[in-house]
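These are my notebook entries from a session with one structure, written down in the order in which I looked things up.

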There are 2 protein chains.
Amino acid sequence: VSEEVLSVIPPLTEKVYVGKEVGSEARADIPSLMIQSARQGKRVVRLKGGDPLIFGRGGEEMLALAQAGIEFEVVSGVSALSSVPAAAGIPVTCRGIASEIIVRSGHCLTQGPLEDAGDEPVTGATTGSPITYIYFMAAGRLAGIVEDLRREGLPPSTPVAMIQKGTLPDQQVLAGNLENIVELAEVQGVETPALFVAGEVVRFFYIQELLPALEETVRQGE
Amino acid sequence: VSEEVLSVIPPLTEKVYVGKEVGSEARADIPSLMIQSARQGKRVVRLKGGDPLIFGRGGEEMLALAQAGIEFEVVSGVSALSSVPAAAGIPVTCRGIASEIIVRSGHCLTQGPLEDAGDEPVTGATTGSPITYIYFMAAGRLAGIVEDLRREGLPPSTPVAMIQKGTLPDQQVLAGNLENIVELAEVQGVETPALFVAGEVVRFFYIQELLPALEETVRQGE
(Lines give C-alpha, C1' and ligand atoms only; values in the text may rest on other atoms or scores of the structure.)
Protein backbone atom coordinates (compact mmCIF):
# COMPACT_ATOMS: atom_id res chain seq x y z
CA VAL A 1 0.00 0.00 0.00
CA SER A 2 1.50 3.33 -1.09
CA GLU A 3 2.22 6.34 1.14
CA GLU A 4 -0.37 8.32 -0.85
CA VAL A 5 -3.11 5.92 0.19
CA LEU A 6 -1.91 5.66 3.79
CA SER A 7 -1.95 9.46 4.07
CA VAL A 8 -5.76 9.61 3.74
CA ILE A 9 -6.33 7.36 6.78
CA PRO A 10 -7.68 9.50 9.66
CA PRO A 11 -4.82 10.25 12.11
CA LEU A 12 -6.54 8.66 15.13
CA THR A 13 -7.07 5.31 13.37
CA GLU A 14 -4.92 2.53 14.77
CA LYS A 15 -2.68 1.13 12.02
CA VAL A 16 -1.10 -2.34 12.09
CA TYR A 17 1.41 -3.34 9.41
CA VAL A 18 0.83 -6.96 8.38
CA GLY A 19 3.12 -7.27 5.35
CA LYS A 20 6.35 -9.21 5.22
CA GLU A 21 9.22 -7.67 7.17
CA VAL A 22 12.20 -6.83 4.97
CA GLY A 23 14.59 -9.80 4.93
CA SER A 24 12.07 -12.13 6.52
CA GLU A 25 9.64 -14.67 5.06
CA ALA A 26 7.45 -14.45 8.16
CA ARG A 27 3.98 -13.08 7.64
CA ALA A 28 1.55 -12.02 10.34
CA ASP A 29 -1.44 -14.32 10.98
CA ILE A 30 -3.80 -11.79 9.43
CA PRO A 31 -7.13 -13.61 9.95
CA SER A 32 -6.40 -14.09 13.67
CA LEU A 33 -5.47 -10.42 14.07
CA MET A 34 -8.69 -9.38 12.35
CA ILE A 35 -10.86 -11.72 14.44
CA GLN A 36 -9.17 -10.64 17.68
CA SER A 37 -9.67 -6.94 16.91
CA ALA A 38 -13.27 -7.47 15.78
CA ARG A 39 -14.07 -9.31 19.01
CA GLN A 40 -12.75 -6.30 20.92
CA GLY A 41 -15.58 -4.41 19.22
CA LYS A 42 -13.33 -2.63 16.73
CA ARG A 43 -14.22 -1.97 13.10
CA VAL A 44 -11.39 -3.49 11.11
CA VAL A 45 -10.25 -2.56 7.60
CA ARG A 46 -7.88 -4.98 5.90
CA LEU A 47 -6.22 -2.72 3.36
CA LYS A 48 -4.19 -4.09 0.49
CA GLY A 49 -3.04 -3.19 -3.01
CA GLY A 50 -4.79 -4.62 -6.06
CA ASP A 51 -7.88 -6.79 -5.80
CA PRO A 52 -8.19 -8.95 -2.68
CA LEU A 53 -9.85 -11.86 -4.54
CA ILE A 54 -7.47 -12.22 -7.51
CA PHE A 55 -4.36 -13.91 -6.09
CA GLY A 56 -4.79 -11.76 -2.98
CA ARG A 57 -5.61 -14.35 -0.28
CA GLY A 58 -8.92 -12.60 0.36
CA GLY A 59 -10.76 -15.92 0.11
CA GLU A 60 -8.84 -17.37 3.05
CA GLU A 61 -9.56 -14.29 5.15
CA MET A 62 -13.27 -14.43 4.24
CA LEU A 63 -13.41 -18.09 5.26
CA ALA A 64 -11.72 -17.45 8.61
CA LEU A 65 -14.04 -14.53 9.40
CA ALA A 66 -17.11 -16.55 8.40
CA GLN A 67 -16.02 -19.46 10.59
CA ALA A 68 -15.58 -17.02 13.49
CA GLY A 69 -19.07 -15.66 12.82
CA ILE A 70 -17.82 -12.15 12.03
CA GLU A 71 -19.70 -10.13 9.44
CA PHE A 72 -17.62 -8.61 6.68
CA GLU A 73 -17.83 -6.83 3.37
CA VAL A 74 -15.37 -7.16 0.50
CA VAL A 75 -14.51 -3.97 -1.39
CA SER A 76 -13.06 -4.94 -4.75
CA GLY A 77 -10.02 -3.15 -6.12
CA VAL A 78 -8.31 -2.49 -9.43
CA SER A 79 -6.44 -5.70 -10.18
CA ALA A 80 -2.97 -5.84 -11.71
CA LEU A 81 -4.63 -8.24 -14.16
CA SER A 82 -5.77 -5.32 -16.29
CA SER A 83 -4.11 -2.23 -14.78
CA VAL A 84 -0.52 -3.42 -15.28
CA PRO A 85 -0.99 -4.36 -18.96
CA ALA A 86 -2.91 -1.05 -19.37
CA ALA A 87 0.08 0.85 -17.99
CA ALA A 88 2.13 -0.73 -20.79
CA GLY A 89 -0.54 0.16 -23.37
CA ILE A 90 -1.89 -3.40 -23.63
CA PRO A 91 -5.62 -4.25 -23.47
CA VAL A 92 -6.20 -7.79 -22.15
CA THR A 93 -9.15 -8.31 -24.50
CA CYS A 94 -9.92 -6.73 -27.85
CA ARG A 95 -12.59 -7.63 -30.38
CA GLY A 96 -11.11 -9.79 -33.12
CA ILE A 97 -7.74 -10.01 -31.36
CA ALA A 98 -8.51 -11.79 -28.07
CA SER A 99 -11.78 -12.65 -26.39
CA GLU A 100 -10.49 -15.14 -23.86
CA ILE A 101 -8.13 -14.58 -20.94
CA ILE A 102 -6.26 -17.24 -18.99
CA VAL A 103 -4.86 -15.99 -15.70
CA ARG A 104 -2.34 -17.96 -13.64
CA SER A 105 0.01 -17.44 -10.79
CA GLY A 106 3.68 -18.04 -11.57
CA HIS A 107 3.78 -20.33 -8.55
CA CYS A 108 2.06 -23.38 -10.02
CA LEU A 109 4.24 -24.82 -12.74
CA THR A 110 4.29 -28.53 -13.46
CA GLN A 111 6.08 -30.63 -16.03
CA GLY A 112 4.86 -32.41 -19.13
CA PRO A 113 6.09 -33.50 -22.57
CA LEU A 114 7.21 -30.72 -24.88
CA GLU A 115 5.38 -30.98 -28.18
CA ASP A 116 6.17 -29.25 -31.45
CA ALA A 117 4.21 -26.03 -31.71
CA GLY A 118 2.76 -24.78 -34.96
CA ASP A 119 2.88 -21.20 -36.19
CA GLU A 120 -0.73 -20.31 -35.43
CA PRO A 121 -1.84 -18.50 -32.25
CA VAL A 122 -3.56 -20.90 -29.86
CA THR A 123 -7.32 -20.35 -29.79
CA GLY A 124 -9.80 -21.17 -27.04
CA ALA A 125 -11.33 -24.66 -27.20
CA THR A 126 -14.90 -23.37 -27.25
CA THR A 127 -14.52 -19.74 -28.30
CA GLY A 128 -12.21 -20.20 -31.28
CA SER A 129 -10.70 -16.85 -30.33
CA PRO A 130 -7.02 -16.12 -29.62
CA ILE A 131 -6.22 -16.17 -25.91
CA THR A 132 -4.40 -13.64 -23.74
CA TYR A 133 -2.25 -15.37 -21.10
CA ILE A 134 -1.44 -13.48 -17.91
CA TYR A 135 0.87 -14.71 -15.16
CA PHE A 136 1.06 -13.04 -11.77
CA MET A 137 4.29 -13.27 -9.75
CA ALA A 138 6.26 -14.04 -12.89
CA ALA A 139 9.72 -12.78 -11.91
CA GLY A 140 12.23 -15.59 -11.46
CA ARG A 141 9.88 -18.05 -13.17
CA LEU A 142 10.06 -16.77 -16.72
CA ALA A 143 11.86 -19.79 -18.20
CA GLY A 144 9.28 -22.18 -16.73
CA ILE A 145 6.35 -20.07 -17.93
CA VAL A 146 7.77 -19.90 -21.46
CA GLU A 147 8.38 -23.64 -21.49
CA ASP A 148 4.81 -24.32 -20.32
CA LEU A 149 3.29 -22.06 -22.95
CA ARG A 150 5.39 -23.67 -25.69
CA ARG A 151 4.18 -27.03 -24.37
CA GLU A 152 0.59 -25.78 -24.72
CA GLY A 153 1.22 -25.11 -28.37
CA LEU A 154 1.92 -21.36 -28.50
CA PRO A 155 4.24 -20.60 -31.44
CA PRO A 156 7.73 -19.14 -30.72
CA SER A 157 6.70 -15.92 -32.48
CA THR A 158 3.94 -15.19 -29.90
CA PRO A 159 4.41 -11.58 -28.69
CA VAL A 160 5.10 -11.40 -24.95
CA ALA A 161 5.86 -8.71 -22.39
CA MET A 162 7.30 -8.81 -18.89
CA ILE A 163 5.98 -5.73 -17.10
CA GLN A 164 8.02 -4.91 -14.01
CA LYS A 165 6.90 -2.56 -11.24
CA GLY A 166 3.80 -1.99 -13.35
CA THR A 167 2.00 1.38 -12.89
CA LEU A 168 4.85 2.69 -10.70
CA PRO A 169 7.10 5.59 -11.77
CA ASP A 170 10.00 3.16 -12.34
CA GLN A 171 7.96 0.71 -14.44
CA GLN A 172 10.00 -1.26 -16.97
CA VAL A 173 8.71 -3.36 -19.85
CA LEU A 174 10.68 -6.12 -21.48
CA ALA A 175 8.97 -7.01 -24.76
CA GLY A 176 9.80 -9.74 -27.26
CA ASN A 177 8.45 -13.13 -28.19
CA LEU A 178 8.34 -16.60 -26.65
CA GLU A 179 11.60 -17.45 -28.39
CA ASN A 180 13.77 -14.55 -27.24
CA ILE A 181 12.24 -13.29 -23.98
CA VAL A 182 14.31 -15.54 -21.69
CA GLU A 183 17.54 -14.34 -23.29
CA LEU A 184 16.38 -10.72 -23.16
CA ALA A 185 15.59 -11.14 -19.48
CA GLU A 186 19.04 -12.65 -18.82
CA VAL A 187 20.72 -9.66 -20.45
CA GLN A 188 18.56 -6.93 -18.96
CA GLY A 189 17.42 -8.51 -15.70
CA VAL A 190 13.90 -8.69 -14.28
CA GLU A 191 12.74 -6.75 -11.24
CA THR A 192 9.85 -7.70 -8.94
CA PRO A 193 6.94 -7.47 -8.93
CA ALA A 194 6.49 -8.62 -12.52
CA LEU A 195 3.45 -9.57 -14.58
CA PHE A 196 3.89 -11.64 -17.73
CA VAL A 197 1.53 -11.25 -20.71
CA ALA A 198 1.51 -13.42 -23.84
CA GLY A 199 -0.69 -13.08 -26.90
CA GLU A 200 -1.54 -10.95 -29.88
CA VAL A 201 -2.69 -8.05 -27.68
CA VAL A 202 0.97 -7.45 -26.71
CA ARG A 203 1.40 -5.84 -30.15
CA PHE A 204 -0.42 -2.83 -28.66
CA PHE A 205 2.72 -2.14 -26.60
CA TYR A 206 4.46 -0.96 -29.75
CA ILE A 207 1.68 1.56 -30.48
CA GLN A 208 2.90 3.54 -27.47
CA GLU A 209 6.36 3.76 -28.98
CA LEU A 210 4.85 4.91 -32.27
CA LEU A 211 2.64 7.56 -30.67
CA PRO A 212 5.13 10.48 -30.58
CA ALA A 213 6.13 9.74 -34.18
CA LEU A 214 2.50 9.58 -35.27
CA GLU A 215 1.72 12.82 -33.52
CA GLU A 216 4.65 14.49 -35.26
CA THR A 217 3.30 13.31 -38.64
CA VAL A 218 -0.12 14.73 -37.85
CA ARG A 219 1.39 18.07 -36.80
CA GLN A 220 3.41 18.30 -40.01
CA GLY A 221 0.29 17.53 -42.03
CA GLU A 222 -1.70 20.36 -40.52
CA VAL B 1 -22.41 4.88 -15.48
CA SER B 2 -24.44 5.48 -12.33
CA GLU B 3 -26.06 8.77 -11.27
CA GLU B 4 -23.76 8.83 -8.21
CA VAL B 5 -20.68 8.94 -10.46
CA LEU B 6 -22.20 11.45 -12.90
CA SER B 7 -23.02 13.77 -9.99
CA VAL B 8 -19.32 14.41 -9.25
CA ILE B 9 -18.63 15.76 -12.74
CA PRO B 10 -18.13 19.56 -12.55
CA PRO B 11 -21.35 21.33 -13.69
CA LEU B 12 -19.69 23.25 -16.55
CA THR B 13 -18.26 20.11 -18.16
CA GLU B 14 -19.90 19.22 -21.45
CA LYS B 15 -21.43 15.73 -21.24
CA VAL B 16 -22.22 13.54 -24.26
CA TYR B 17 -24.12 10.28 -23.78
CA VAL B 18 -22.66 7.58 -26.05
CA GLY B 19 -24.44 4.45 -24.79
CA LYS B 20 -27.12 2.57 -26.64
CA GLU B 21 -30.46 4.36 -26.84
CA VAL B 22 -33.29 2.40 -25.24
CA GLY B 23 -34.96 0.21 -27.88
CA SER B 24 -32.15 0.73 -30.40
CA GLU B 25 -29.09 -1.30 -31.31
CA ALA B 26 -27.37 1.79 -32.70
CA ARG B 27 -24.25 2.91 -30.90
CA ALA B 28 -22.46 6.20 -31.34
CA ASP B 29 -19.15 6.12 -33.23
CA ILE B 30 -17.23 6.80 -30.03
CA PRO B 31 -13.67 6.94 -31.43
CA SER B 32 -14.70 9.52 -34.06
CA LEU B 33 -16.44 11.64 -31.43
CA MET B 34 -13.34 11.55 -29.23
CA ILE B 35 -10.99 12.42 -32.09
CA GLN B 36 -13.24 15.25 -33.29
CA SER B 37 -13.45 16.77 -29.80
CA ALA B 38 -9.71 16.36 -29.16
CA ARG B 39 -8.91 18.13 -32.46
CA GLN B 40 -11.09 21.03 -31.28
CA GLY B 41 -8.58 21.35 -28.45
CA LYS B 42 -10.83 19.82 -25.81
CA ARG B 43 -9.70 17.46 -23.07
CA VAL B 44 -11.87 14.38 -23.46
CA VAL B 45 -12.76 11.82 -20.80
CA ARG B 46 -14.35 8.60 -22.04
CA LEU B 47 -16.15 7.42 -18.91
CA LYS B 48 -17.51 3.92 -18.58
CA GLY B 49 -18.41 1.36 -15.94
CA GLY B 50 -16.06 -1.51 -15.12
CA ASP B 51 -12.63 -1.82 -16.67
CA PRO B 52 -12.21 -0.44 -20.21
CA LEU B 53 -9.77 -3.16 -21.27
CA ILE B 54 -11.67 -6.27 -20.12
CA PHE B 55 -14.48 -6.74 -22.66
CA GLY B 56 -14.87 -2.95 -22.70
CA ARG B 57 -13.80 -2.05 -26.25
CA GLY B 58 -11.06 0.17 -24.85
CA GLY B 59 -8.53 -1.46 -27.17
CA GLU B 60 -10.39 -0.31 -30.26
CA GLU B 61 -10.61 3.22 -28.92
CA MET B 62 -6.89 3.23 -28.08
CA LEU B 63 -6.07 2.07 -31.59
CA ALA B 64 -8.24 4.75 -33.23
CA LEU B 65 -6.71 7.49 -31.07
CA ALA B 66 -3.18 6.27 -31.77
CA GLN B 67 -3.84 6.20 -35.52
CA ALA B 68 -5.14 9.77 -35.28
CA GLY B 69 -1.98 10.76 -33.39
CA ILE B 70 -3.87 11.76 -30.27
CA GLU B 71 -2.19 11.20 -26.92
CA PHE B 72 -4.22 9.35 -24.32
CA GLU B 73 -4.01 7.72 -20.93
CA VAL B 74 -6.01 4.68 -19.79
CA VAL B 75 -7.31 4.74 -16.22
CA SER B 76 -8.13 1.18 -15.21
CA GLY B 77 -11.31 0.39 -13.31
CA VAL B 78 -12.73 -2.27 -11.04
CA SER B 79 -13.77 -5.05 -13.41
CA ALA B 80 -16.94 -7.12 -13.03
CA LEU B 81 -14.54 -10.05 -13.35
CA SER B 82 -13.82 -9.90 -9.63
CA SER B 83 -16.28 -7.35 -8.21
CA VAL B 84 -19.43 -9.19 -9.29
CA PRO B 85 -18.35 -12.56 -7.85
CA ALA B 86 -17.18 -10.66 -4.73
CA ALA B 87 -20.64 -9.14 -4.34
CA ALA B 88 -21.96 -12.72 -4.22
CA GLY B 89 -19.29 -13.72 -1.70
CA ILE B 90 -17.18 -15.60 -4.26
CA PRO B 91 -13.40 -15.13 -4.62
CA VAL B 92 -12.21 -15.89 -8.16
CA THR B 93 -8.97 -17.41 -6.88
CA CYS B 94 -8.20 -19.06 -3.57
CA ARG B 95 -5.12 -21.02 -2.53
CA GLY B 96 -5.77 -24.75 -2.83
CA ILE B 97 -9.19 -24.18 -4.42
CA ALA B 98 -8.44 -22.36 -7.68
CA SER B 99 -5.26 -20.77 -8.99
CA GLU B 100 -6.25 -20.38 -12.59
CA ILE B 101 -9.00 -18.24 -14.12
CA ILE B 102 -10.45 -18.55 -17.61
CA VAL B 103 -12.46 -15.51 -18.68
CA ARG B 104 -14.69 -15.48 -21.73
CA SER B 105 -17.40 -13.41 -23.26
CA GLY B 106 -20.75 -15.15 -23.73
CA HIS B 107 -20.67 -13.99 -27.35
CA CYS B 108 -18.19 -16.49 -28.75
CA LEU B 109 -19.70 -19.96 -28.59
CA THR B 110 -18.83 -22.59 -31.15
CA GLN B 111 -19.79 -26.22 -31.53
CA GLY B 112 -17.83 -29.43 -31.01
CA PRO B 113 -18.34 -33.05 -30.03
CA LEU B 114 -19.81 -33.63 -26.56
CA GLU B 115 -17.61 -36.02 -24.62
CA ASP B 116 -18.40 -37.88 -21.45
CA ALA B 117 -17.22 -35.88 -18.47
CA GLY B 118 -15.68 -37.49 -15.42
CA ASP B 119 -16.47 -36.57 -11.83
CA GLU B 120 -13.26 -34.65 -11.15
CA PRO B 121 -12.96 -30.86 -11.43
CA VAL B 122 -11.02 -29.88 -14.56
CA THR B 123 -7.51 -28.71 -13.71
CA GLY B 124 -5.23 -26.41 -15.68
CA ALA B 125 -2.98 -28.12 -18.21
CA THR B 126 0.19 -26.67 -16.76
CA THR B 127 -0.83 -25.62 -13.26
CA GLY B 128 -2.63 -28.78 -12.16
CA SER B 129 -4.94 -26.48 -10.19
CA PRO B 130 -8.74 -26.29 -10.44
CA ILE B 131 -9.94 -23.52 -12.72
CA THR B 132 -12.50 -20.79 -12.15
CA TYR B 133 -14.50 -20.08 -15.33
CA ILE B 134 -16.06 -16.65 -15.76
CA TYR B 135 -18.34 -15.61 -18.61
CA PHE B 136 -19.27 -12.00 -19.26
CA MET B 137 -22.58 -11.19 -20.99
CA ALA B 138 -23.98 -14.60 -20.01
CA ALA B 139 -27.72 -13.84 -19.96
CA GLY B 140 -29.59 -15.58 -22.77
CA ARG B 141 -26.59 -17.80 -23.48
CA LEU B 142 -26.63 -20.00 -20.42
CA ALA B 143 -27.55 -23.25 -22.19
CA GLY B 144 -24.68 -22.81 -24.68
CA ILE B 145 -22.18 -21.97 -21.95
CA VAL B 146 -23.20 -25.03 -19.92
CA GLU B 147 -22.94 -27.26 -22.99
CA ASP B 148 -19.48 -25.90 -23.81
CA LEU B 149 -18.21 -26.45 -20.28
CA ARG B 150 -19.58 -30.01 -20.24
CA ARG B 151 -17.82 -30.51 -23.57
CA GLU B 152 -14.57 -29.34 -21.97
CA GLY B 153 -14.92 -32.04 -19.36
CA LEU B 154 -16.40 -30.25 -16.35
CA PRO B 155 -18.49 -32.69 -14.29
CA PRO B 156 -22.27 -32.07 -13.93
CA SER B 157 -21.76 -31.49 -10.19
CA THR B 158 -19.54 -28.41 -10.77
CA PRO B 159 -20.91 -25.56 -8.62
CA VAL B 160 -22.04 -22.60 -10.73
CA ALA B 161 -23.65 -19.22 -10.14
CA MET B 162 -25.43 -16.78 -12.41
CA ILE B 163 -25.01 -13.34 -10.83
CA GLN B 164 -27.53 -10.85 -12.20
CA LYS B 165 -27.25 -7.06 -11.79
CA GLY B 166 -24.14 -7.77 -9.73
CA THR B 167 -23.16 -5.16 -7.08
CA LEU B 168 -26.47 -3.29 -7.61
CA PRO B 169 -29.17 -3.05 -4.92
CA ASP B 170 -31.39 -5.46 -6.87
CA GLN B 171 -28.63 -8.06 -7.39
CA GLN B 172 -29.91 -11.63 -7.73
CA VAL B 173 -27.87 -14.82 -7.61
CA LEU B 174 -29.00 -18.11 -9.11
CA ALA B 175 -26.78 -20.88 -7.74
CA GLY B 176 -26.71 -24.54 -8.58
CA ASN B 177 -24.55 -26.87 -10.63
CA LEU B 178 -23.88 -27.53 -14.31
CA GLU B 179 -26.64 -30.13 -14.34
CA ASN B 180 -29.52 -28.06 -12.91
CA ILE B 181 -28.68 -24.40 -13.63
CA VAL B 182 -30.45 -24.24 -17.00
CA GLU B 183 -33.66 -25.58 -15.47
CA LEU B 184 -33.34 -23.23 -12.48
CA ALA B 185 -32.90 -20.32 -14.89
CA GLU B 186 -35.98 -21.37 -16.86
CA VAL B 187 -38.07 -21.40 -13.69
CA GLN B 188 -36.73 -18.23 -12.13
CA GLY B 189 -35.65 -16.22 -15.17
CA VAL B 190 -32.36 -14.41 -15.74
CA GLU B 191 -32.01 -10.64 -15.81
CA THR B 192 -29.27 -8.68 -17.58
CA PRO B 193 -26.49 -7.92 -17.09
CA ALA B 194 -25.40 -11.34 -15.88
CA LEU B 195 -22.03 -12.87 -15.09
CA PHE B 196 -21.65 -16.65 -14.98
CA VAL B 197 -19.12 -18.32 -12.65
CA ALA B 198 -18.26 -22.04 -12.59
CA GLY B 199 -15.85 -23.82 -10.28
CA GLU B 200 -15.16 -24.87 -6.73
CA VAL B 201 -14.93 -21.24 -5.55
CA VAL B 202 -18.71 -20.92 -6.05
CA ARG B 203 -19.10 -22.89 -2.80
CA PHE B 204 -18.16 -19.65 -1.03
CA PHE B 205 -21.58 -18.31 -2.03
CA TYR B 206 -23.17 -20.54 0.57
CA ILE B 207 -20.97 -19.14 3.34
CA GLN B 208 -22.89 -15.89 3.06
CA GLU B 209 -26.14 -17.71 3.75
CA LEU B 210 -24.55 -19.37 6.77
CA LEU B 211 -23.15 -16.13 8.20
CA PRO B 212 -26.20 -14.93 10.19
CA ALA B 213 -26.63 -18.43 11.66
CA LEU B 214 -22.94 -18.60 12.56
CA GLU B 215 -23.08 -15.21 14.16
CA GLU B 216 -26.09 -16.28 16.22
CA THR B 217 -24.15 -19.31 17.45
CA VAL B 218 -21.23 -17.12 18.48
CA ARG B 219 -23.55 -14.74 20.33
CA GLN B 220 -25.17 -17.58 22.22
CA GLY B 221 -21.75 -18.88 23.17
CA GLU B 222 -20.65 -15.61 24.70
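The entries below go from the fold of one chain to the contact between chains, and then to single elements and residues.

**Entry 1: chain A as a whole.** I note at the outset that this is a predicted model. I looked up the make-up of chain A and found seven helices and five strands, which follow one another from the N terminus in the order α-α-α-α-β-β-α-β-β-α-β-α. Of the 222 residues in chain A, 43% are buried. When I took the contacts in chain A with a separation of 6 or more, 71% of them came from residues 24 or more positions apart.

**Entry 2: the contact between the chains.** How many residues does the contact take from chain B and from chain A? I found 54 residues from chain B and 54 residues from chain A. The two chains, B and A, bury about 4,600 Å² between them, and 63% of this area is on carbon and sulfur atoms. I then turned to the polar side of the interface, where the rule finds 14 residue pairs in polar contact across chain B and chain A, with both residues at pLDDT 80 or more. On the side of chain B that touches chain A, the elements giving two or more residues are α3 (58–67), α4 (80–87), β1 (100–105) and α7 (205–221) of chain B. By class, the residues on that side of chain B divide into 29 nonpolar, 15 polar and ten charged.

**Entry 3: strand to strand across the interface.** I checked β1 of each chain and found that strand β1 (residues 100–105) of chain A runs antiparallel to β1(B), with five bridges joining them. Within this pairing, A:E100 has B:R104 as its bridge partner in β1(B). The two residues also form a salt bridge, in which the closest N and O atoms are 3.2 Å apart. The count of salt bridges between chain B and chain A is four.

**Entry 4: helix α4 of chain B.** I went next to α4(B), which is mostly covered, since six of its eight residues are buried. The buried residues in α4(B) are B:L81, B:S82, B:S83, B:V84, B:P85 and B:A86. Which elements do the buried residues of α4(B) pack against? I found α4 of chain A, along with β1, β2, β3 and β5 of chain B. At the N-terminal end of α4(B), B:S79 acts as the cap, with a side-chain oxygen 3.0 Å from the backbone nitrogen of B:L81. Just after α4(B), I noted that B:G89 takes a positive phi of about 80°.

**Entry 5: strand β5 of chain B.** Why is β5 (residues 194–198) of chain B largely enclosed by the rest of the structure? Five of its five residues are buried, and so I wrote the strand down as largely enclosed. B:A194, B:F196 and B:A198 point one way from β5(B), B:L195 and B:V197 point the other way, and all are buried. I then looked for the strands that pair with β5(B): strand β2 (residues 131–136) of chain B does so in the antiparallel sense over three bridges, and strand β3 (residues 159–164) of chain B runs antiparallel to β5(B) with five bridges. B:F196 figures in both pairings, as the bridge partner of B:Y135 and as the residue that B:M162 stands opposite.

**Entry 6: two threonines of chain A.** Is A:T93 buried or exposed? A:T93, which is found in the loop between α4 (80–87) and β1 of chain A, has a relative accessible area of 5% and is therefore buried, the cut-off being under 20%. I listed the residues that A:T93 touches, leaving out those up to four places away in sequence, and they are A:A98, A:I101, B:L53, B:I54, B:F55 and B:G56. A polar atom of the A:T93 side chain lies 2.7 Å from the backbone nitrogen of B:F55.

A:T132, in strand β2 (residues 131–136) of chain A, is buried with a relative accessible area of 0%. A polar atom of its side chain lies 2.8 Å from the backbone oxygen of A:V92. Beyond four places away in sequence, A:T132 touches several residues, among them A:V92, A:A98, A:E100 and A:V197.

**Entry 7: a residue of helix α1.** Last, I looked up A:V5 in helix α1 (residues 3–6) of chain A, and at 37% relative accessibility A:V5 counts as partly exposed.

Key:
Residues are numbered from 1 along each chain as its sequence is written. Chains are lettered from A and ligands numbered from 1 in the order in which they are written. This is a predicted model: local features need pLDDT of at least 70, side-chain atom pairs count only at pLDDT 80 or more; totals for chains, interfaces and linings use all residues. Side-chain values use heavy atoms; hydrogens and water are left out. Buried means under 20% relative accessible area, exposed over 50%, partly exposed in between (1.4 Å probe, protein chains only). Helices (H or I, at least four residues) and strands (E, at least two) are DSSP runs, numbered from the N terminus. Two strands pair if DSSP finds at least two bridges between them. Contact means heavy atoms within 4.5 Å. Buried area is the accessible area (1.4 Å probe) that two parts lose on being put together, summed over both. A salt bridge is a side-chain nitrogen of Lys or Arg within 4 Å of a carboxyl oxygen of Asp or Glu. A polar contact is a pair of N or O atoms within 3.5 Å; within protein, one must be able to donate a hydrogen and the other to accept it, and residues adjacent in sequence count only if both atoms are side-chain atoms. Ala, Val, Leu, Ile, Met, Phe, Trp, Tyr, Cys and Pro count as nonpolar, Asp, Glu, Lys and Arg as charged, and the others, Gly among them, as polar.
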